[in-house]
Amino acid sequence: MSLETLLVRLLLLHETATGYTNLPVSGVLDHAQRYVGWIFELGKLRVLDPDSAQGLPSRGRIAGGYGAYFFGPPHPMYLLLEIPNIDDPTELRLSGSLL
């Protein structure tokens, strides 16, 4: 990946996260799900209930993506960012930054 491509993706990551402090949690999730494709080609952000996420790491790389558990408020949830090339170190770092 070229430096220019990486910088554009970092800018898109910043643009995706801008304004989160003024949104309710549901708004943050909707926004992130809508714009995750800006940063990750074929990326998809899913929200799982804690029971569905049993056995997954609290935060980190998993097969096919990156996951993070949040205790809330308003309620516990597990965010799963599915991206096909999670084994690429750059993708792993960008995934951790988004979640």
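**Exercise 1. Work out which strands helix 3 lies across, and how it runs relative to strand 3.**

Start with the helix: helix 3 covers residues 89–98. Next, look at what sits against it: helix 3 lies across strand 2, strand 3 (65–70) and strand 4. Last, take the direction: helix 3 runs at about 25° to strand 3. Here helices (H or I, at least four residues) and strands (E, at least two) are DSSP runs, numbered from the N terminus. Axes are lines fitted to C-alpha atoms, for helices over the stretch in contact, and angles run from 0 to 180 degrees between N-to-C directions.

A word on the model: it is predicted, so local features need pLDDT of at least 70 and side-chain atom pairs pLDDT 80 or more, while totals for chains, interfaces and linings use all residues. Residues are numbered from 1 along each chain as its sequence is written, and side-chain values use heavy atoms, with hydrogens and water left out.

**Exercise 2. Put the four strands of the sheet in order and find the edges.**

Step one: the open sheet has the order 1-4-3-2, with antiparallel pairing. Step two: the edge strands are strand 1 (44–48) and strand 2 (59–62), each pairing on one side only. On average, neighbouring strands are turned by 20° against each other, direction ignored.

Step three, go pair by pair; two strands pair if DSSP finds at least two bridges between them.

- Strand 1 and strand 4 (residues 77–82) share five bridges, and Lys 44 stands opposite Glu 82.
- Strand 3 and strand 4 are joined by six bridges, with Gly 65 opposite Glu 82.
- Strand 2 and strand 3 are joined by four bridges, with Arg 59 opposite Ala 68.

Step four, check the turns. The hairpin of strand 2 and strand 3 has two residues in between, and Gly 64 in that turn has a positive phi of about 80°. For strand 3 and strand 4 there are six residues in between, and Gly 72 has a positive phi of about 115°.

**Exercise 3. Decide whether Thr 16 is buried or exposed, and list its contacts.**

First, place it: Thr 16 is found in helix 1. Then check the cover: Thr 16 has a relative accessible area of 0%, so it is buried. (Buried means under 20% relative accessible area, exposed over 50%, partly exposed in between, with a 1.4 Å probe and protein chains only.) Finally, leave aside neighbours within four places in sequence: Thr 16 is in contact with His 31, Ala 32, Tyr 35, Trp 38, Ile 39 and Leu 98. Contact means heavy atoms within 4.5 Å.

**Exercise 4. Find the three salt bridges and say what each one links.**

Use this test: a side-chain nitrogen of Lys or Arg within 4 Å of a carboxyl oxygen of Asp or Glu.

1. Arg 9 pairs with Glu 91, the closest N and O atoms being 2.6 Å apart. Arg 9 is in helix 1 and Glu 91 in helix 3, 82 residues apart. Both are buried.
2. Glu 82 pairs with Arg 46 at 3.6 Å between the closest N and O atoms. Glu 82 lies in strand 4 and Arg 46 in strand 1, so the pair ties together parts 36 residues apart in sequence.
3. Arg 61 meets Asp 87 at 2.4 Å, N to O. Arg 61 lies in strand 2 and Asp 87 in the loop between strand 4 and helix 3, so parts 26 residues apart in sequence are tied together. Arg 61 is partly exposed at 41%, whereas Asp 87 is exposed at 59%.
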